[in-house]
Amino acid sequence: MKDTRIAFIGAGNMAASLIGGLRAKGLDAAQIRASDPGDETRARVSAEHGIETFADNAEAIHGVDVIVLAVKPQAMKAVCESLRPSLQPHQLVVSIAAGITCASMNHWLGAQPIVRCMPNTPSLLRQGVSGLYATAEVSATQRDQAQTLLSRRGHRRMACARAATGCGHRRVRQRPGVLFPADRSHDRRRRQTGSAP
């Protein structure tokens with residue numbers, strides 16, 4: 001993550017927890033930016049973490065490597081569709097919104113590398129666990145970026161992604177702090193039916 005640039009779309013409690021974790025581990029404030037429609041929210045996160053903030057989402061994602069979608073699930077469709085014209089093919093999109101499938105995000109964003117994260121409530125205290133699900137477009141480097149991003153919150157190892165993600169039973173590969181599915185052929189079949197995670 002030394003040279004990785006990250007933009008948070010939404011600067012509420014979960015985003016602030018992630019940003020705080022990144023800053024606590026030494027990531028430079030200049031590598032992090034956030035957008036939010038609320039003037040007070042932007043002022044608070046900027047004051048607490050020393051990062052640049054924006055009212056415009058498209059401006060916030062310009063030139064970054066990783067985009068973290070930290071908005072409410074009901075706002076996700078509109079946010080994704082508004083971002084789509086400004087996205088670059090290499091930009092990794094990480095979603096921490098509950099209940100929004102990768103299939104839906106692919107529909108709204110296009111064929112973008114997407115990692116879906118399902119953090120739990122203790123993550124706000126950097127003591128939680130997260131299951132991560134990566135689409136086929138995500139590279140090995142981007143998987144490592146997502147893992148590092150989430151593990152900086154103090155996540156413990158987890159033995160099964162099902163409880164955190166609701167993705168059902170499947171074989172998984174365990175990595176420090178997070179979990180990725182190991183067999184993506186099963187996921188591709190589910191995506192064709194519209195039921196992918």
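Helices, in the sense used here, are DSSP runs of H or I that span at least four residues, and they are numbered from the N terminus. S82 lies in one such run, helix α4, and this report on a predicted model starts from that helix before turning to the cores and to individual residues.

## Overall composition

The chain holds 8 helices and 9 strands, and buried residues account for 51% of its 197 residues. Of the contacts that link residues at least 6 apart in sequence, 60% join residues at least 24 apart. The area that the chain exposes comes to about 9,100 Å², of which carbon and sulfur atoms supply 49%.

## Helices α4 and α5

Helix α4 covers residues 76-83, and its buried residues are M76, V79, C80 and L83. Viewed down the axis of α4, these buried residues fall within an arc of 95 degrees, so they line one face of the helix. An α-helix has 3.6 residues a turn, so residues three or four places apart point the same way. The partners against which the buried residues of α4 pack are β1, α3 (57-61), β4, β5 and α5.

S82 is a member of α4 that counts as partly exposed, because its relative accessibility is 43% and the partly exposed class runs between 20% and 50%. A polar atom of the S82 side chain lies 2.8 Å from the backbone oxygen of V79. Between the C-alpha atoms of S82 and N57, which are 25 residues apart in sequence, the separation in space is 8.3 Å.

Helix α5 (residues 102-109), one of the elements against which the buried residues of α4 pack, is mostly covered, with 6 of its 8 residues buried. Those buried residues are C102, A103, M105, N106, W108 and L109. After α5 comes G110, which has a positive phi, near 90 degrees.

## The nonpolar cores

In soluble globular proteins, nonpolar side chains tend to be buried together. In this model the largest nonpolar core has 27 residues, and the members that touch the most other members are I6, F8, V68, V115 and L149. Two or more residues each come to this core from β1 (6-9), α1 (13-24), β2 (32-35), β4 (66-69), β5 (92-95), β6 (114-119), β7 (130-134) and α6 (140-151). The element that gives the most to this core is α1, with 4 residues. Apart from this core lies another one, of 23 residues, and among its members are A7, V64, M76 and L87.

The surroundings of F8 give a more detailed view of the largest core: when neighbours within four places in sequence are left aside, F8 is in contact with A15, L18, I19, L22, I32, R33, A34, S35, V68 and L149.

## Strand β2 and the loop before it

S35, one of the contacts of F8, lies in strand β2. Residues up to four places away in sequence not being counted, S35 touches F8, I9, G10, A11, F54, D56, N57 and A60. With N57 there is also a polar contact between the two side chains, at 2.6 Å.

The loop between α1 and β2 includes Q31 and also D28. The C-alpha atoms of Q31 and I6 are separated by 6.2 Å, although the two residues are 25 residues apart along the chain. Beyond the residues up to four places away in sequence, Q31 touches M1, K2, D3, T4, R5 and I6. For D28 and T4, which are 24 residues apart along the chain, the C-alpha atoms are separated by 10.0 Å. The side chain of D28 reaches the backbone nitrogen of A30 at 2.7 Å.

## Accessibility of selected residues

The following table sets out the relative accessible areas of several residues, including two cysteines.

| Residue | Relative accessible area | Class |
|---|---|---|
| Q31 | 15% | buried |
| S35 | 1% | buried |
| C80 | 0% | buried |
| C117 | 0% | buried |
| D28 | 42% | partly exposed |
| S82 | 43% | partly exposed |

How many disulfides does a search of the whole structure find? The search finds 0 disulfides, while C80 is buried at a relative accessible area of 0% and C117 is buried at 0% relative accessibility.

Notes. Residues are numbered from 1 along each chain as its sequence is written. This is a predicted model: local features need pLDDT of at least 70, side-chain atom pairs count only at pLDDT 80 or more; totals for chains, interfaces and linings use all residues. Side-chain values use heavy atoms; hydrogens and water are left out. A nonpolar core is a set of buried Ala, Val, Leu, Ile, Met, Phe, Trp, Tyr and Cys residues joined through side-chain atoms within 4.5 Å. Buried means under 20% relative accessible area, exposed over 50%, partly exposed in between (1.4 Å probe, protein chains only). Contact means heavy atoms within 4.5 Å. Accessible areas come from the Shrake-Rupley method with a 1.4 Å probe; for residues, only the protein chains shown count as cover. A disulfide is a pair of cysteine sulfur atoms within 2.5 Å. The arc is that of the directions from the helix axis to the C-beta atoms. A polar contact is a pair of N or O atoms within 3.5 Å; within protein, one must be able to donate a hydrogen and the other to accept it, and residues adjacent in sequence count only if both atoms are side-chain atoms.
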